[in-house]
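Here's a quick tour of a structure with several chains. Have a look at it first, then we'll pick out a few spots together.

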Amino acid sequence: MRSQAGAAASAGAAGSAGSGTPSIELDGVSFVYPDGTKALDAVSLRIDPGELVAVVGQNGSGKSTFARHLNGLLRPTSGRVLLGGADTRPLHVARLAGLVGLAFQNPDRQLFAGGVSAEVAFGPRNLGVRGAALDERVKVALVAVGLGGEGASNPYDLGYSRRKLLSLASVLAMRTPILVLDEPTTGQDARGSARVRAVVAAAADEGRTVISISHDMRFVAECFRRVVVLRAGRVVLDGPPEAVFGEEAWPELRATFLEPPLAALAGARLHLGSTPTSAALTAALARRAQG
Amino acid sequence: MAIELLAVGYRYAGASRATLRSINLRLEPGRVLGVAGANESGKTTLCLAASGFAPGVVGGHLDGTVLIDELDTRAISTHALALHCGLLFQNAATQLSNTTATVFEEVGFGPCNLGLPVDEVVERVWWALGAVGVADLAPRDPDRLSGGQGQLVALASVLALRPRYLVLDEPTSQLDPAGTALVADALARAAAETGAGILIVEHKTDVLARIADEVIVLAEGSVALAGSAAEVLSDPRLQVLGVEPPARIRLEREVRAAGIGWSSTLAEAIA
Amino acid sequence: MIAATEVPGWGLPEYVVRRPGGLYRSTNPSTKLAIAALEVVAAFAVPGWPGVLAVFAAVLATAAAARCLRGLAVIGLATSPIVGSILLINLFLLPGAADPIARFGPLAPTWSGLWFGLQTVARLFAFSAAIALVYLTTAIDDLLADLARRGLGRRAVFVVGAAVQMVPRTIERASEIVDAQRARGLDTEGRFWRRARGVVPLAAPVVFGALTEVEERTLALEARAFSAPGRQTLLRVPPDTIVDRVLRWAAVIGLVAIVGLRAAGRLG
Amino acid sequence: MDLLKRWVARQFTTRVIVLMPVGIAIDIVLGSTVQQALKLPIYLDSIGTILVGVLAGPLAGALTGILANLIWGYLLPAPIGSTTIGPFAITAGVIGLLAGLWGQLGIFRPRRGGRASIVAAAVAVVLVGVLALYTYARAYASPDQFVNITGFQTTDFDRSRLFFLAVMVVYVVLVGAALYLRRDVGAVFAIGAGLVTGIVAAIVSAPIAAIVYGGVTGGGTDALVAAFRAGGDSLYQATLKQGLLSDPMDKMITSFVVFFVIGSLSRRFIARFPNGEKALGSEPDVDSPAASES
């Protein structure tokens, strides 16, 4: 039986990970690829248990490199990655996988089993889950991404967007206290995006930390409480959507080729202050109407 | 002169149920027809049928008829299909021939397959790169391009065959906002310069709002909504059909639903 | 729009024509193939040392002229594990050798074993070097373009060209897959059985990932009139000068001569 | 003549032309990367070749094998390129040809059997195991009665009895694994095909190894060759015996992986290949020609 890290065991079994979710911290992390490109430049960032953090930035700003440091796939050239205050350098990736689940951007770099259920079962089985508990996790994860009825079908008959939801389900089934998503809404239709949002909300309710890389500004503004903007491997903005999408931050955003959501633009034009989401805009308009 | 789908149905080989059911559709040169719809509603299959690739290249069973300029697509040989109708897919990487060292040769791949004389190939390559606005990428290595640039090179390599129609299956769905804008601008430019009829499948209805003249919405393999872009994209039934309306329309609807008086200043603010 | 810069060959830009410069590098690829074939046959068909040494001299001289000695050395190094084995096995185990150098209990290294070993090594090096010389001085595009001009079909050109470009990309994909599986708890370090269990989750995505692209690539090729009849236009045609033709024919005649003499047993 | 032309054209549709480089890349990448990643002594360098053969037919399979070896041997830079594999292109071609044969006979077809056929398969496998043990015991008692076709003289039998035992054990293990993991009776045939392919590959590779490399490949198997030669075997016999010990095992494992891959591929994908319906075991379900090749 694999010896599971303490936190993961309690998180796995109980399902509600609130108590067991560790904090995750990057302490002066820099990373230089073999060909010399400096992808991360002295990034220091702390994410407390249960936080919902979106990481945005233009292609090549270090987003994916950042994500791979969280589960140990990449080790910092200098600086440390701390999980629950402990340095993760000595831990095998396979051990970290029980704490930090990472759903990759491209599903075809991950899928291998001939059936949907077998694919989802791969992660939890590696963590030592067997039998009825395993089947239950697979079913719950598939239903959560809307593939409940596809258990027996072949992943490659699902089409790109549903294969992406399948790779999300394969990480969800591991019930890791920290969930990292890489561009989850890319290539999804309206229903697919709604599924992803529901998954993020459910994980938040369970007190788990959700970190997502995305360039879908509406998804970022509506589903996350903290936005980290990366440019050339450095954190240039870090704050709630109201601050990061507020008018004073626009020059910084546009310098990284990012457009704030339409609701934020409209709010500024109407001098209503920072309204990153349609709900905020509507509320501000309602206040103005009464005031 | 048009691509016409007359009561078209289609079922993939080895599949039990039909993917397309009695579709009627018309695409004329110089017009841009947007196609929206939830996943698995038959959008990709519609592209394959309209271009003659289904059943010509992927097999399967086609009911009804597909005419390209009055020619039944089943009567057109595979390579001739490409001369009538250019086809572009979602993933730029798989559309490169993988056998060329420069973008120039990649865009010349199609004309070279036709065995055209070298000077005509050169002329077509510069014309196609110009129509898409990426002539500066000509010396670049096709493998080292960004997603958006890759799609533009793929678009140019299809345009180089000078088809009268273009069928694009979710060209921007794997691109970030910058790449999407790049491709949307290039499509508008290519439509204007080449006068080709464009059928474009797209989830991002903001892109359709910008470049499409008409829009149809598919559901379970048949046409659920059809009409001008403005009409269809502001139709309240979009949400039920799994299609997200453009941001502007969605915002307006939410503000009105909150009982706030709509005004022209508000309309301008969210334009 | 940038006008086509005026360059030899119907307005093709320089970065497309890409004429190779330098001694032997600019020689016609088919000529280089013919020369390599002659050298390989000479290395194997001519018994004893003369053939092998002649090939060695020719290959080293050409490599020096084409300034790719370092490349040849790297390939030579890559074959070194074999050299040790060949020498050892033949030194001690050449059947029928009766002239021991010395005797250490049951083992008896023999002179004829040593001699046969050295010759086998020399032949192997000559054989690898002759072929490596073609590879080091010729771009694959040039080789394929030249063979296409001599009748090689567009499908064969595509298969070889695409395979060579696809290998590095597939290796990149394989390493990404190893990452993706390790991110889901697959431990590739550790005990033997755990590693063996890792074969399918590693091999399968490399295979499936590549296979999913087959359908999209097929449609993309057909959308670019790949299956049109007739000959494919070649943008890049390596030069084939008189000297190239003479060298090529000389190599072919030499090859036939050696094979003929060897068949007739005249080479002793 | 026209029949032959159509038979060849049918095997080289555009889809097959796109599949072949993928098969070649799979051979080369799996041959070099997976082996290093897992540090296991298996080669896995003909998965792509067998896959193309089974899906597209013998010609396409053979060409894929030959090109894979030539490209791996001569057209790739040092870290990937292997300087010793080039001449074995002939063997790879034979493997691809055989794979095309297995494909047309539907050997690799998944046969999800009911309980009865699985029990029957299990019994057959046990029988094979018992047969191996029986021949081993009987031969040990009287070595002179046993002569076989693979160039072994009876006197060698005491050294080669381990060969039969090892091969049978690997066969039983692989088929057992397939039965357990996928309830798929087809494994009996597929892995049997791998065994036959392995033996043929060994017989074809032996002369090549002997002539070009003097029976030496720089790998661990050289010790075996040396041992056989010390026992008085000729160069050819030594390389043959070494081949017969490693190739069948490697090809059975490769067939096991290919069998799994084909079993997991989407039916819609397989149906579009020339041998597709044979590999799937269902009748062709297409009312118009898959691709009207000119």
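Let's start with a pair of strands in chain A: S6(A) and strand S7 (residues 178-182) run parallel and are joined by four bridges. Keep in mind that this is a predicted model. From that pair we'll move on to the whole sheet, then to the places where chains meet, and finally to a helix in chain C.

**The sheet in chain A**

- Within the S6(A) and S7(A) pair, Leu102(A) sits opposite Val180(A) of S7(A).
- In general, strands of a sheet pair up through backbone hydrogen bonds, and they can do this parallel or antiparallel.
- Here the open sheet has six strands, lined up in the order S6-S7-S8-S3-S9-S10 in chain A, and the pairing is mixed.
- Which strands stand at the edges? They are S6 (100-103) and S10 (234-239) of chain A, and each has a single partner strand, so one side of each has no neighbour in the sheet.
- Going from one strand to the next, the twist averages 15°.

**Where chain A touches chain B**

- This contact draws on 25 residues from chain A and 23 residues from chain B.
- On the chain A side, helices H6 (160-172), H7 (190-205), H11 (262-269) and H12 (278-290) each chip in at least two residues.
- H12(A) gives the most to that side, with five residues.
- Sorted by class, the chain A side has ten nonpolar, ten polar and five charged residues.

**Two helices meeting across chains C and D**

- To describe two packed helices, you give the angle between their axes and the distance between the axes.
- For helix H8 (residues 154-182) of chain C and helix H4 (residues 58-75) of chain D, the axes come within 11 Å and cross at roughly 55°.
- H8(C) and H4(D) are therefore oblique to each other, and their crossing is right-handed.
- Which residues make the contact? H8(C) brings Val159(C), Val160(C), Ala163(C) and Val164(C), while H4(D) brings Leu67(D), Ile71(D) and Leu75(D).
- By class, the residues of this contact are seven nonpolar, no polar and no charged.

**Helix H7 of chain C**

- H7(C) covers residues 140-149, and its buried residues are Asp141(C), Asp142(C), Leu143(C), Leu144(C) and Asp146(C).
- What covers these buried residues of H7(C)? The cover includes helix H2 (29-45) and H8 of chain C.
- Just after H7(C) comes Gly151(C), with a positive phi of about 110°.

Notes. Residues are numbered from 1 along each chain as its sequence is written. Chains are lettered from A and ligands numbered from 1 in the order in which they are written. This is a predicted model: local features need pLDDT of at least 70, side-chain atom pairs count only at pLDDT 80 or more; totals for chains, interfaces and linings use all residues. Axes are lines fitted to C-alpha atoms, for helices over the stretch in contact, and angles run from 0 to 180 degrees between N-to-C directions. Angles under 35 degrees count as roughly parallel, over 145 as roughly antiparallel, 65 to 115 as roughly perpendicular and the rest as oblique. A crossing is left-handed if the near helix is turned anticlockwise from the far one by less than a right angle, and right-handed if clockwise. Two residues are in contact if their C-beta atoms, placed from the backbone, lie within 7 Å. Ala, Val, Leu, Ile, Met, Phe, Trp, Tyr, Cys and Pro count as nonpolar, Asp, Glu, Lys and Arg as charged, and the others, Gly among them, as polar. A residue is buried if 20 or more other C-beta atoms lie within 10 Å of its own, exposed if 12 or fewer, and partly exposed in between; C-beta atoms are placed from the backbone. Two strands pair if DSSP finds at least two bridges between them.
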